[in-house]
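These notebook entries record what I looked up in one structure. I went from backbone geometry to packing and then to charged pairs.

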Amino acid sequence: MKQNKRSNCNLQGNETNLRDKIVISRKQYQIQRRKRSNKTSEHPHAFQDHFNKLLGGIRFADFPYMSIPTLTSTFVGGEMAIRRAMSGRTAVVGARSMSSWWRSVEPAPKDPILGVTEAFLADPNPDKVNVGVGAYRDDNGKPVVLECVREAERRIAGHLNMEYLPMGGSVKMVEETLKLAYGVNSELIKDKRIAAVQALSGTGACRLFADFQKRFRPDSQIYIPVPTWANHHNIWRDAHVPQKTYHYYHPESRGLDFAAMMDDIKNAPNGSFFLLHACAHNPTGVDPSEEQWREISHEFKVKGHFAFFDMAYQGFASGDPERDAKSIRIFLEDGHYFGIAQSYAKNMGLYGQRVGCLSVLCEDEKQAVAVKSQLQQLARPMYSNPPVHGALIVSTILSDPDLKKVWLKEVKVMADRIIGMRTALRGNLEKLGSPLSWQHITNQIGMFCYSGLTPEQVDRLTNEFHIYMTRNGRISMAGVTTGNVEYLATAIHEVTKSASTC
């Protein structure tokens, strides 16, 4: 019994040695007991309680050969000192053991776009300009919530529950989203040949497809344009899908390197996967013409390639969702099987709601059912179910004809403002007498302008004029306003006027 009680105190072997040294003989105990008998009988329970607290359950009865004064002044003091020393030493060893688990972890590199925003916010200059952010701003430089979104939220509030969505997400939202991409009267939708699930915006849709590609085509690779949205590389890398690149942007013309792109498509192994930007290419703003899209589609058909479209800007690019889906429609006409990632971040301003859709066109309904089931199974350990609020907003807007008209009007207002700022920026640069050609500013489309500015010129813009953008020269046209466009043009002219090409 004594042994059990002692073991309950978790006394270690080296502590036992100390205990042996401080234990007094029974004779000494009896002498001291006689001398202090009055004190020991006064408050036995009070001492017992105090002793229990100190030593975690050891009772005086366990050590009948030790006097109370010796226990309190020597054993207790010694034990507590040793305990403190041992616990400190154990903590150090434990800390070392714990830290060794993550000792190899190095800080991740900063995201270049988020780093631009951090630097901008830290700058106290009142004239500072941020043209690095990839989100729409009004002409006052403020974030915008569309009226159709506000109305949808008013209709939703208090009328719907917040239960889990199915793994595949909101059926209504997915149906309306497919109509945007494939067409309102698409026979493919009617025939149920499209496997589609709600995704965590465009990023989540891309990642879900990348994992699907890896699971069911494990020996495949993905061809990604140069340049592309940086996160595309991260997505397919983390899905363990090997990557190759294909030519896209032509730096000298600030346009599409169409000949080199077609060569890469032709030279890729038959049945390769290609990532294509459906419209408003990020970061260049350079899109193939309709005729070029037809040539691309034809070559894909010849080679048996699989196209995966990232369509993050439908409606936001030109102001017309139908026009911005032209590449998709051309591939449909030519009888391709392909996949699409769709997002409502830009065209509805639902950046923080993370609402999008992944769809895969299949041979028949049976195949579509199988593919959807596998997409849902992939989603299950990732996030289980997609969020409900953004899906409710989208389905409410797109399923109501009047509300959808409001959205179409508002998305055109956003696109037109961006197009107007392109015209204004180019006009101001030409008015300043720049010897360079700035035609590419208005030739490009969408949120971004690939300016052609060098990293050194971008650094000068930041250091001398407090203008912030990524060092590849990408300008977010959403950050350009009637209030700062002249200042921006003047600064760009100043850092480029001595260059033969910018």
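I take helices, of at least four residues, and strands, of at least two, as DSSP runs numbered from the N terminus. The model I am reading is predicted.

**Entry 1. The loop before strand 3**

I began with Ser 220, which sits in the loop between helix 11 and strand 3. Is Ser 220 buried or exposed? Its relative accessibility is 12%, so I record Ser 220 as buried, the cut-off being under 20%. I then looked up the polar partners of Ser 220. Its side chain makes a polar contact of 3.0 Å with the side chain of Gln 213. The side chain of Ser 220 also reaches a backbone atom, the oxygen of Arg 217, at 2.7 Å. Setting aside residues up to four places away in sequence, I find Ser 220 touching Gln 213, Val 241, Pro 242 and Phe 273.

**Entry 2. Helix 11 against helix 12**

I next looked up how helix 11, residues 201-216, lies against helix 12. The two axes come within 8 Å and cross at roughly 35°. I note the crossing of helix 11 and helix 12 as right-handed. Which residues make this contact? From helix 11 they are Thr 203, Cys 206, Arg 207, Phe 209, Ala 210 and Gln 213, and from helix 12 they are Asn 231, His 232, Ile 235, Trp 236 and Asp 238. By class, I record five nonpolar, four polar and two charged residues in the contact of helix 11 with helix 12. Gln 213 thus appears in this contact and also as a side-chain partner of Ser 220.

**Entry 3. Cis peptide bonds**

I looked up two cis bonds that lead into proline. One joins Val 226 to Pro 227, with omega at about 0°. Pro 227 belongs to the loop between strand 3 (222-226) and helix 12 (230-238). The other runs from Asn 282 to Pro 283, with omega near 20°. Pro 283 is in the loop between strand 7 (273-277) and helix 14 (290-303).

**Entry 4. Positive phi outside glycine**

The loop between strand 7 and helix 14 also holds Ala 280. Ala 280 is not a glycine, yet its phi is positive, at about 50°. I find Ala 280 buried, at 3% relative accessibility. I also noted Lys 192, another residue that is not a glycine, with a positive phi of about 60°. Lys 192 lies in the loop between helix 10 (187-190) and strand 2 (194-199). Its relative accessible area is 53%, so Lys 192 is exposed.

**Entry 5. The loop between helix 13 and strand 7**

I looked up two residues here. Ala 268 is in the loop between helix 13 and strand 7, and at 1% relative accessibility it is buried. Lys 244 is 24 residues away from Ala 268 in sequence, with 9.6 Å between their C-alpha atoms. Beyond neighbours within four places in sequence, Ala 268 contacts Tyr 223, Phe 274, Lys 303 and His 305. Ser 272 is in the loop between helix 13 (258-267) and strand 7. Ser 272 is buried as well, at 7% relative accessibility. With neighbours within four places again left out, Ser 272 contacts Tyr 223, Gly 304, His 305 and Phe 306. I note that Tyr 223 and His 305 are listed for Ala 268 and for Ser 272.

**Entry 6. Salt bridges**

How many salt bridges does the structure hold? I record 19. Within helix 11, Asp 211 and Arg 207 pair at 3.3 Å, N to O. These two are four residues apart, so about one helical turn separates Asp 211 from Arg 207. Asp 211 is buried, at 13%, whereas Arg 207 is partly exposed, at 27%. Arg 207 is also among the residues of helix 11 that contact helix 12.

In helix 14, Arg 294 pairs with Glu 290, with their closest N and O atoms 3.2 Å apart. Arg 294 is partly exposed, at 27%, and Glu 290 is partly exposed, at 42%.

In helix 19 (residues 401-431), Glu 430 and Arg 426 are about one helical turn apart because four residues separate them. Their closest N and O atoms are 2.9 Å apart in a salt bridge. Finally, I noted a network of salt bridges that links Glu 151, Arg 154, Arg 155 and Asp 400.

Note on methods
Residues numbered from 1 in each chain as written. Predicted model: local features only at pLDDT ≥ 70, side-chain atom pairs only at ≥ 80, totals over all residues. Heavy atoms only, no water. Buried < 20%, exposed > 50% of the residue type's maximum accessible area, 1.4 Å probe, protein only. Axes fitted to C-alpha atoms, helices over the stretch in contact; angles between N-to-C directions. Left-handed = near helix turned anticlockwise from the far one by under 90°. Contact = heavy atoms within 4.5 Å. Nonpolar A, V, L, I, M, F, W, Y, C, P; charged D, E, K, R; others polar. Polar contact = N/O pair within 3.5 Å; in protein donor to acceptor, adjacent residues only side chain to side chain. Salt bridge = Lys/Arg side-chain N within 4 Å of Asp/Glu carboxyl O.
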